[in-house]
Amino acid sequence: MYLKLHLFGLVFFSFTLLNCQTKLDKQEPKITYKVNKSEEEWKEELSPEEFEILRNAGTERPHTGIYNMHFEDGVYVCKGCGQPLFKSGSKFMSDCGWPSYEAAIPGAIVYKKDTSLGMIRTEILCSNCGGHQGHVFDDGPTATGKRYCVNSASINFINNKRND
Ligand SMILES: [Zn+2]
C-alpha cells in the first residue's frame, strides 16, 4: 500500500513538473522597447494603414507598396520611430510583391515566432519601437538565403544623396 501511494505521488509530481515546463516553453521572452507609446498616440502619428501594419501586424496588398520596385542608394528606416533597418545594398528584386532584403542592419530587428494563419513564420519587428515590419523566410535567392519580406507602409526611405 505504501509503495503504491509512493508511486502515485511520484507520477503526480512528475506530471506537475511536466506541466510547468510546457507552460514555460510557451512563454515568449518579454521584450522591452525604448519607444513606448499608447495606442492613441500611435493613431495620431500614423495613417490608418500604417497603424494597422505597424501596430496590429497587418499586411499591405502585394505589388501595391511604394518601395516594392524601388532601387535607390540609401537606407530604409522604421516609419514608427525612424530607426535604420535595411540598407539599399541588401535589397533585391523579388516577385513576391513586397520589398525584399537579404539582410537587416545588425541589431535593428527583433525576431518573433508567429503561428497565426495556420503557418509557422518568423515575424520581424523594429527593435526600437516594436513596430511590425513583416516576416523573414529561408528561401532567399542570395548568399544569405534569407528573404526579409517587408511592408512598404512600415518603412521610409532616406536617400544617401540628401546626406551630402
Ligand atoms: Zn521603429
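Leaving aside its neighbours within four places in sequence, with which residues is Leu85 in contact? In this predicted model, the contacts of Leu85 are Tyr76, Val77, Cys78, Ala104, Ile105, Ala108, Ile109, Cys126, Gln133 and Ile155. Leu85 belongs to the largest nonpolar core, a set of 19 residues, and is listed with Tyr148 and Ile155 as touching the most other members. At least two residues of this core come from each of E1, E2, strand E6 (121-126) and strand E8 (147-150).

Confidence should be considered before the remaining elements are described. The average pLDDT of the chain is 88, and 80% of the residues score at least 70. Over residues 15-24, by contrast, pLDDT stays under 50, and the model has 0 contacts beyond four places in sequence for this stretch.

Two open sheets are described here. One is an open sheet of 3 strands, arranged in the order E2-E1-E9 with antiparallel pairing. Its edges are formed by strand E2 (84-87) and strand E9 (155-159), each of which pairs on one side only. On average, neighbouring strands of this sheet are turned by 30° against each other, direction ignored. Strand E1 (residues 74-78) is joined to E9 over 5 bridges in the antiparallel sense, and Cys78 stands opposite Ile155 of E9. Both Cys78 and Ile155 also appear among the contacts of Leu85.

The other open sheet consists of 6 strands, whose order is E3-E4-E8-E7-E6-E5, again with antiparallel pairing. Strand E3 (91-92) and strand E5 (109-114) are the edge strands, each pairing on one side only. Within this sheet, E7 and E8 pair in the antiparallel sense over 4 bridges. Phe137 has Arg147 in E8 as its bridge partner.

Strand E7 (132-137) also takes part in the packing of a helix, since the buried residues of H3 pack against this strand. Helix H3 spans residues 48-56, and its buried residues are Glu50, Ile53 and Leu54. Seen down the axis of H3, these buried residues fall within an arc of 85° and therefore line one face of the helix. An α-helix has 3.6 residues a turn, so residues three or four places apart point the same way. Pro48 and Asn56, on the other side of H3, are exposed. The helix is followed by Ala57, which has a positive phi, near 55°.

Definitions and conventions
Residues are numbered from 1 along each chain as its sequence is written. This is a predicted model: local features need pLDDT of at least 70, side-chain atom pairs count only at pLDDT 80 or more; totals for chains, interfaces and linings use all residues. A residue is buried if 20 or more other C-beta atoms lie within 10 Å of its own, exposed if 12 or fewer, and partly exposed in between; C-beta atoms are placed from the backbone. The arc is that of the directions from the helix axis to the C-beta atoms. Two residues are in contact if their C-beta atoms, placed from the backbone, lie within 7 Å. Two strands pair if DSSP finds at least two bridges between them. Axes are lines fitted to C-alpha atoms, for helices over the stretch in contact, and angles run from 0 to 180 degrees between N-to-C directions. pLDDT is the predictor's confidence in each residue, from 0 to 100. A nonpolar core is a set of buried Ala, Val, Leu, Ile, Met, Phe, Trp, Tyr and Cys residues joined through C-beta atoms within 7 Å.
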